[in-house]
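Here are my notes on the model you sent over, point by point. Have the structure open while you read.

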Amino acid sequence: MITCCIRYSLDPHRIDAFEDYAARWPPIIDRCGGALVGYYLPKEGANNIALALIDFDSLAAYEKYRERLAADPDARRNITDANAAQCILVESRSFFRRL
């Protein structure tokens, strides 16, 4: 099992738009083959960082997920909406394995 950690740098004045974006992902992620651990929004400390953790059986499973995601109309619409809201400034992915 691997966990994809998506780190978002956000516009702190558009956290509500990001929260709407994140709230729409769970059924899309599930439908496309990921197992969402959760989205984490800023609470204390930096007010412009959020995380998403998604589990996959393997990197190959992640690649299939990315293909399904690219073809999913709800996923494309959610990304388009986030781009229009300009709530996400930077998005980066790292992969981890559990001990």
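1. Start with strand 1 (residues 2–10) and strand 4, which pair in the antiparallel sense over eight bridges. If you want a landmark on this seam, look for Cys5, which sits opposite Ser94 in strand 4. Keep in mind that this is a predicted model.

2. Strand 1 also pairs with strand 3, again in the antiparallel sense and over eight bridges. Here the landmark is Thr3, with Asp55 of strand 3 standing opposite.

3. Strand 2 and strand 3 are joined by five bridges, and their pairing is antiparallel. Gly38 faces Leu53 in strand 3 across this seam, as its opposite residue.

4. Put those pairings together and you get an open sheet of four strands, in the order 2-3-1-4, with antiparallel pairing. Which strands stand at the edges? Strand 2 (35–40) and strand 4 (88–96) do; each has a single partner strand, so one side of each is left without a neighbour in the sheet. On average, neighbouring strands of this sheet are turned by 15° against each other, direction ignored.

5. Now for the helix on the sheet. Helix 1 (residues 15–32) lies across strand 1, strand 2, strand 3 (49–56) and strand 4. Relative to strand 2, helix 1 runs at about 170°.

6. On to the aromatics: the count comes to 10 aromatic pairs. One of them is Tyr8 with Tyr39, a stacked pair at 6.3 Å centre to centre and with 25° between the planes. Why is this pair worth a look in sequence terms? Tyr8 belongs to strand 1 and Tyr39 to strand 2, so the pair ties together parts that are 31 residues apart in sequence.

7. Then there is the largest pocket, which holds about 310 Å³ of space. It is lined by 22 residues, and the closest to its centre are Trp25, Arg66, Leu69, Ile79 and Arg93. Which elements give two or more residues to the lining? They are strand 1, helix 1, strand 3, helix 2 (59–71), helix 3 (73–85) and strand 4.

8. Last point, on what that lining is made of. The residues lining the largest pocket divide into 17 nonpolar, one polar and four charged. When you go through them on screen, Arg66 and Arg93 can be found among the residues closest to the pocket centre.

Methods. Residues numbered from 1 in each chain as written. Predicted model: local features only at pLDDT ≥ 70, side-chain atom pairs only at ≥ 80, totals over all residues. Heavy atoms only, no water. Pairing = 2+ DSSP bridges. Axes fitted to C-alpha atoms, helices over the stretch in contact; angles between N-to-C directions. Contact = heavy atoms within 4.5 Å. 1 Å grid on protein atoms, 1.4 Å probe; cavity = no way out; pocket = protein on both sides within 12 Å on 5 of 7 lines; lining within 4 Å. Points joined across faces, edges and corners; volume = space filled by probe spheres on them. Nonpolar A, V, L, I, M, F, W, Y, C, P; charged D, E, K, R; others polar. Phe/Tyr/Trp six-rings, centres within 6.5 Å; stacked < 30°, edge-to-face > 60°.
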